[in-house]
Amino acid sequence: METQTVRDRLWLWGMKVNALQMTDNTEWSESTMTTEEAIQKTGITNVLMAGGLPLTRETLNSMPSARRIIAKWSLHSHSKEKGMYLDYDRCVAALRDAKALAAIDTRVESFLIDDFSTGSIDAGVKPEHLAQLQFVNAAEFPHLPLHGTVYTMTLDRPQLPALLPYFAAYLTPLWHATDIERLPGDVDLLAALSGGKPQLLCIYLYDFGNGQQLSYELMHRQLEVAKMLLSGDKVYGVVILGTCMMDLDWEANRCFYDWLDENGDQPLD
């Protein structure tokens, strides 16, 4: 088997242009970067289709350089009237959309239920909801492995152990960048809880958990810990979130591009 490099195992959190700036982060500078442009700038060809990118053929066509793609949706929604509530019908419709895309474009390899260990559990998800979703997945071609987002700060939620078996793999985000030194232990804990299922780590270009920009040093530490986990086969990849921030004049971006230049082509044992 051909030796893989660090860059081969990195993923982009692909987003609609200016996606976050149009919602809660209006104080940020505008971004003009498309997902395809982020692929060209970084050389990272694995994409998690997120951040306002619809599950359509047009979205796939807009990123011709992507080689591996994960589709994303959620199992819950939120409204002022209902608060957080389960939205199974929309999720199964999105799964079917992703399966239809995978039938015509083999780059689509799995389906992620995002914010699962936060919003979906808050909305009251039960094992039977996931069992129903998996029945649809198994009965209708093509099958897409189901991934679930499990945040490191939610590993002690009592509902979690009964829900983990329904996923083939997990997205494991570090929501609070300042918890970076705890991350290896949290990755090990999720592995222990899940029977060693694969994890796709996610780190951010902005510290959303603490609502602040990242220093060069803290971003570098995130990347170094992520590389250590990659090299030790603790995670199978690392997502960098996200593309609508990658052209902003931030220390986190300067660090990321410096680090990528230095480490991207290093082989992984």
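About 770 Å³ of space lies in the largest pocket of this protein, and since the model you're looking at is a predicted one, take that as a value computed from predicted atoms. So who lives around this pocket?

Its lining is made up of 29 residues. If you want to find the middle on screen, click on Trp13, Gly51, Lys72, Asp114 and Asp115, which lie nearest the pocket's centre. Strand 3 (68-73), strand 4 (76-79), strand 8 (169-173) and strand 9 (199-204) are the elements that each give two or more residues to this lining.

There is also a second largest pocket, with a volume of about 260 Å³. Around it sit Glu2, Thr3, Gln4, Arg7, Asp8, Gly43, Thr45, Asn46, Arg67 and Arg68. What kinds of residues line each pocket? Here are the two side by side.

| Pocket | Volume | Nonpolar lining residues | Polar lining residues | Charged lining residues |
|---|---|---|---|---|
| Largest | about 770 Å³ | 16 nonpolar | seven polar | six charged |
| Second largest | about 260 Å³ | no nonpolar | five polar | five charged |

Look at the nonpolar column: the largest pocket has 16 such residues in its lining, while the second largest has none.

Now for a pair of helices. Two packed helices are described by the angle between their axes and the distance between the axes. In this model, the axes of helix 3 (residues 88-104) and helix 5 (residues 127-139) come within 11 Å and cross at roughly 25°. Angles under 35 degrees count as roughly parallel, so helix 3 is roughly parallel to helix 5. Their crossing is right-handed.

Which residues meet where helix 3 and helix 5 touch? From helix 3 come Tyr88, Cys91, Val92, Leu95, Arg96 and Lys99, and from helix 5 come His129, Gln132, Leu133, Val136 and Asn137. Sorted by class, the residues of this contact are six nonpolar, three polar and two charged.

Finally, a few spots in the backbone to zoom in on. Phe141 and Pro142 are joined by a cis peptide bond, with omega about -10°. You'll find Pro142 in the loop between helix 5 and strand 7 (146-149). Another cis peptide bond links Leu241 to Gly242, where omega is about 0°. Gly242 belongs to the loop between strand 12 (237-241) and helix 9 (251-263).

And what about Asn18? Its phi is near 65°, a positive value in a residue other than glycine. Asn18 sits in the loop between strand 1 (10-14) and helix 1 (35-42).

Methods:
Residues are numbered from 1 along each chain as its sequence is written. This is a predicted model: local features need pLDDT of at least 70, side-chain atom pairs count only at pLDDT 80 or more; totals for chains, interfaces and linings use all residues. Side-chain values use heavy atoms; hydrogens and water are left out. Axes are lines fitted to C-alpha atoms, for helices over the stretch in contact, and angles run from 0 to 180 degrees between N-to-C directions. Helices (H or I, at least four residues) and strands (E, at least two) are DSSP runs, numbered from the N terminus. Angles under 35 degrees count as roughly parallel, over 145 as roughly antiparallel, 65 to 115 as roughly perpendicular and the rest as oblique. A crossing is left-handed if the near helix is turned anticlockwise from the far one by less than a right angle, and right-handed if clockwise. Contact means heavy atoms within 4.5 Å. Ala, Val, Leu, Ile, Met, Phe, Trp, Tyr, Cys and Pro count as nonpolar, Asp, Glu, Lys and Arg as charged, and the others, Gly among them, as polar. On a 1 Å grid over the protein atoms alone, a cavity is a set of points where a 1.4 Å probe fits but cannot get out, and a pocket is an open set with protein on both sides within 12 Å along at least five of seven lines; lining residues have an atom within 4 Å of a point. Grid points are joined across faces, edges and corners, and a volume is the space filled by probe spheres set on the points.
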